[in-house]
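Colleague: I'm new to reading structures, and I keep tripping over the labels. Could you show me one and let me ask where each label comes from?

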Amino acid sequence: MFLKNMGNLSPSEQILYNHWLIMLQLLEMGLPWDAIEALTEGEIALVLAVQMAKLEKQQEDEAQQQRIMQNRR
């Protein structure tokens, strides 16, 4: 619900909100807080890009498995 109202935030609030969304995503991935604090902006971008690529590959694999299962019917 809060994401729908992002346009009502000031630019500095949007930056802060985005920062914490990224921090939470990194924590959910299992990175410890002290490691996150030590990462550079470029390293964070790389970690997030790799995670997104992994998720995309997983979704592609699942879609392929579903097509295979449907073709067997």
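Colleague: What makes Asp 61 and Lys 57 a salt bridge?

Modeller: The rule asks for a side-chain nitrogen of Lys or Arg within 4 Å of a carboxyl oxygen of Asp or Glu. Here the closest N and O atoms of Asp 61 and Lys 57 are 2.7 Å apart, so the pair passes the 4 Å limit. A search of the whole structure turns up one salt bridge. One caution: this is a predicted model, where local features need pLDDT of at least 70 and side-chain atom pairs count only at pLDDT 80 or more, while totals for chains, interfaces and linings use all residues. Residues are numbered from 1 along each chain as its sequence is written, and side-chain values use heavy atoms, with hydrogens and water left out.

Colleague: Where do the two partners sit?

Modeller: Both Asp 61 and Lys 57 lie in helix α3, four residues apart, which is about one turn of the helix. Helices here are DSSP runs (H or I, at least four residues), numbered from the N terminus, and strands would be E runs of at least two.

Colleague: Why is Asp 61 called partly exposed?

Modeller: Buried means under 20% relative accessible area, exposed means over 50%, and partly exposed is in between (1.4 Å probe, protein chains only). Asp 61 has 32%, so it falls in the middle class. Lys 57 gets that label too, with 47%.

Colleague: How do you know that Trp 20 and Trp 33 are stacked?

Modeller: Rings of Phe, Tyr and Trp (its six-membered ring) pair if their centres lie within 6.5 Å; planes under 30 degrees apart count as stacked, over 60 as edge-to-face, and the rest as tilted. Trp 20 and Trp 33 are 6.0 Å centre to centre, with 5 degrees between the planes. Both values fit, so "stacked" it is. This is the one aromatic pair in the structure. The pair links distant parts of the chain, with Trp 20 in helix α1 (residues 11–28) and Trp 33 in helix α2 (residues 33–38), 13 residues apart.

Colleague: Are those two rings buried or exposed?

Modeller: Neither, really: Trp 20 is partly exposed at 41%, and Trp 33 is partly exposed at 35%.

Colleague: What makes Leu 16, Trp 20, Leu 24, Leu 27 and Trp 33 a nonpolar patch?

Modeller: Patches take residues with over 30% relative accessible area and no salt bridge; nonpolar side chains (Val, Leu, Ile, Met, Phe, Trp, Tyr) are joined within 5 Å, and like charges within 9 Å. Trp 20, with its 41%, clears the 30% bar, and so does Trp 33 with 35%. Together the five residues have about 480 Å² of accessible area, worked out by the Shrake-Rupley method with a 1.4 Å probe, where only the protein chains shown count as cover for residues. Helix α1 gives the largest share of the patch, four residues.

Colleague: Why is Ile 44 called buried?

Modeller: Its relative accessible area is 15%, so Ile 44 is under the 20% limit. Ile 44 is found in helix α3 and is part of the largest nonpolar core, together with Met 23, Leu 26, Ile 36 and Leu 48. Such a core is a set of buried Ala, Val, Leu, Ile, Met, Phe, Trp, Tyr and Cys residues joined through side-chain atoms within 4.5 Å. Helices α1 and α3 each give two or more residues to this core.

Colleague: What does Ile 44 touch?

Modeller: Leaving out residues up to four places away in sequence, Ile 44 touches Ile 22, Met 23, Leu 26 and Leu 39; contact means heavy atoms within 4.5 Å.

Colleague: And what makes Val 47 partly exposed?

Modeller: Val 47 has 24% relative accessibility, so it sits between the 20% and 50% limits. Val 47 lies in helix α3 (residues 41–72) and touches Leu 26 and Met 29, again not counting residues up to four places away in sequence.
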